[in-house]
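Please look over the sequence and the fold together before reading on. The paragraphs that follow go from one element to its neighbours, so it helps to keep the structure in view.

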Amino acid sequence: MGLSNIIDLSRLKKILDFISDSMKMGICFTDSTISEVLYHSDKHNICSDSKILEEIKNSPRFNSLKQETYNKNNHFLTCSGNMTVIPFPVKNRNTLLGWIIFGPVILSDTEYTEDLSAPDLGSTAITDTLKLEQDIKRVIPVISVITDLIYEKYLISIEKNSIKYHLRKQLQTEKKLLQANSELQTIFTNSQVGIMYLKGGRYFMKGNQRLADILGWENPEEMAGISMRKLHISEETFNDFGENFFNNLAHGKRIHIEYQLARKDKTPVWCMLSGKAVDENDPADLDKGVIWIIEDISRIKEAEEQLKKLAQTDHLTSLINRSGFHKHLEREIQRSLRNKSPLSLLLIDLDYFKKINDTYGHDAGDAVLVHFGSLMKKYFRNIDIPSRIGGEEFAVIMPDTSLYSGIEAAERLRSVLEKNITLFNGSSIGYTASMGLCEYSGESLKEFYSRTDNVMYRAKREGRNRICI
């Protein structure tokens with residue numbers, strides 16, 4: 001391989017041009033046989049002349065110069081035209097890489113002094129030996145700079161063709177990969193969020209310990225190979241997630257959602273899920289892998305639910321307030337329609353409540369409301385939703401309850417209330433309630449509520465302390 005294919009000549013040219021201008025001398029850079037001129041300076045240059053190069057190459061002293069280090073007697077050659085050049089071999093250990101030739105040094109026509117032997121070329125004598133020695137000494141440091149540059153490029157190029165070089169580069173690459181892998185593994189292991197890698201469809205390939213902790217597994221190794229079905233609450237939610245979220249990853253979308261996954265024991269856990277396909281193609285091949293970042297947001301969701309509950313809770317009785325009542329009723333209507341299950345609504349108005357306030361005071365009235373709220377909680381089921389929807393107006397949403405089952409529940413409360421009293425500041429306060437009960441028949445929420453409200457007011461008109469349907 002020639003040096004012209006190894007060395008960045010454009011970079012070398014800038015350096016040599018600068019040196020040539022600074023030293024007011026021409027510079028020529030050739031290959032090891034002085035057959036190819038790789039560079040010559042544009043200014044002060046005569047030494048790159050083909051005739052002079054041929055004289056140098058044919059000189060008997062040329063071969064000895066290949067072996068010599070600097071010696072004032074041997075490191076110059078006088079060529080035709082009263083011109084002396086200073087050639088230096090550029091070596092790497094015992095390998096001759098090329099020649100750097102400085103010149104011209106113009107000398108007089110007188111004889112050589114005793115210190116300098118006559119050169120092989122030409123018959124011109126040298127008298128200005130001091131100047132010649134100074135020029136040579138000026139050249140020596142420059143050679144070091146140039147050869148360093150050549151060695152750097154040359155050695156790398158030579159080594160690139162050797163087995164030793166490839167082995168060393170492979171070892172260096174493997175070392176860097178091991179270090180990078182170690183750093184990534186440290187991040188992966190100590191991350192405070194769960195990291196999950198799926199491959200071959202929706203199957204677990206790898207995860208970190210934080211993921212196992214969030215989902216209730218002993219360690220990520222225990223999860224190896226499991227289907228994502230095990231991390232969903234039901235087969236239905238697994239299929240819905242695949243259709244609405246997972247498959248969208250194939251089109252470059254990043255998923256970022258709040259979602260309930262299932263722990264190993266099938267208890268639900270709220271998580272923030274962020275997912276991205278590994279394959280960069282569009283559409284991406286999801287079988288090649290999907291990375292999920294999973295964060296446990298159970299505490300955040302609990303706090304949110306608590307705030308929602310507070311916003312929908314009556315502060316006096318701790319029952320659901322009017323706003324919460326309407327939301328629960330809408331939800332139960334939709335469930336009734338979906339499941340074709342019965343739903344009943346009971347509306348209650350406390351009889352003569354204004355009279356209680358006027359007789360005993362508003363604090364006593366509040367005590368009556370609290371007492372009635374506690375009876376509602378006691379005498380209705382856990383699935384029923386007792387609410388305070390106005391001053392002395394109450395309601396009970398009764399899922400999976402027919403009209404006749406609702407009558408039994410309402411009558412149980414009415415009869416208990418009829419026999420109970422509220423004690424306040426030494427006074428015994430008795431009261432009753434008028435109730436209206438209807439079963440849902442497919443109408444809108446507003447129509448259902450209005451129909452039940454009309455029935456409740458009929459109970460008040462017909463004498464109070466009764467249930468109308």
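A polar contact is here a pair of N or O atoms within 3.5 Å, where, within protein, one atom must be able to donate a hydrogen and the other to accept it, and where residues adjacent in sequence count only if both atoms are side-chain atoms. With that in mind, the start of helix 9 can be read in this predicted model: N321 caps the N-terminal end of the helix, with a side-chain oxygen lying 3.3 Å from the backbone nitrogen of S323. Beyond the other end, helix 9 is followed by K340, a residue whose phi is positive, near 55°.

Between these points, the 18 residues of helix 9 should span 26 Å at 1.5 Å a residue, and the end C-alpha atoms are indeed 26 Å apart, which agrees. Its buried residues are G324, F325, H328, L329, E332, I333 and S336. Seen down the axis of helix 9, these buried residues fall within an arc of 165°, so they line one face of the helix. An α-helix has 3.6 residues a turn, so residues three or four places apart point the same way. On the other side of helix 9, K327 and R338 are exposed. The cover over the buried residues of helix 9 includes strand 11, strand 12 (385-388), strand 13 (393-399) and helix 13.

Helix 13 can be followed in the same manner. This helix, residues 445-461, has 17 residues and reaches 24 Å from its first C-alpha to its last, close to the 24 Å expected at 1.5 Å a residue. Its buried residues are L445, F448, Y449, T452, D453, V455, M456, A459 and K460. They cover an arc of only 160° around the axis, which puts them on the same side of helix 13. K446 and R461, by contrast, are exposed on the other side of helix 13. Among the elements that cover the buried residues of helix 13 are helix 9 (322-339), strand 11 (343-350), strand 16 (433-439) and strand 17 (467-468). After helix 13 comes G463, whose phi is positive, near 125°.

Both helices thus lead to a sheet. In what order do the strands of this open sheet lie? The five strands have the order 12-13-11-16-17, with mixed pairing. The edges are formed by strand 12 and strand 17, each of which pairs on one side only. Strands of a sheet pair through backbone hydrogen bonds, either parallel or antiparallel.

Strand 11 repays a closer look. Strand 11 and strand 13 pair in the antiparallel sense over seven bridges, and seven bridges also join strand 11 to strand 16, again with the two running antiparallel. L347 shows both pairings at one residue, since its bridge partner in strand 13 is A395 and its bridge partner in strand 16 is G436. From G436 the path can be carried on to strand 17, where the bridge partner of G436 is C468; here two bridges join strand 16 to strand 17, and these strands run parallel.

How many of the eight residues of strand 11 are buried? Eight of its eight residues are buried, and the strand is described as mostly covered. In a regular strand the side chains alternate between the two faces of the sheet. Both faces of strand 11 are covered, with L343, L345, L347 and D349 buried on one side and S344, L346, I348 and L350 buried on the other.

Next to the sheet strands in sequence, G390 is found in the loop between strand 12 and strand 13. At 25% relative accessibility, G390 counts as partly exposed. G390 and R322 are 68 residues apart in sequence and 7.1 Å apart in space, C-alpha to C-alpha.

A further histidine is worth inspecting: H371 is found in helix 11 (residues 362-379). With a relative accessible area of 17%, H371 is buried, because the cut-off for buried is under 20%. The side chain of H371 makes polar contacts with the side chain of T422, at 3.2 Å, and with the side chain of Y431, at 2.8 Å. Leaving aside its neighbours within four places in sequence, H371 is in contact with N420, I421, T422 and Y431.

Finally, the cysteines. A search of the whole structure finds zero disulfides. C28 counts as buried at 0% relative accessibility, and C271 is buried with a relative accessible area of 0%.

Key:
Residues numbered from 1 in each chain as written. Predicted model: local features only at pLDDT ≥ 70, side-chain atom pairs only at ≥ 80, totals over all residues. Heavy atoms only, no water. Helix = DSSP H or I, 4+ residues; strand = E, 2+ residues; numbered from the N terminus. Expected span 1.5 Å × (residues − 1). Buried < 20%, exposed > 50% of the residue type's maximum accessible area, 1.4 Å probe, protein only. Arc of directions from axis to C-beta. Contact = heavy atoms within 4.5 Å. Pairing = 2+ DSSP bridges. Disulfide = S-S within 2.5 Å.
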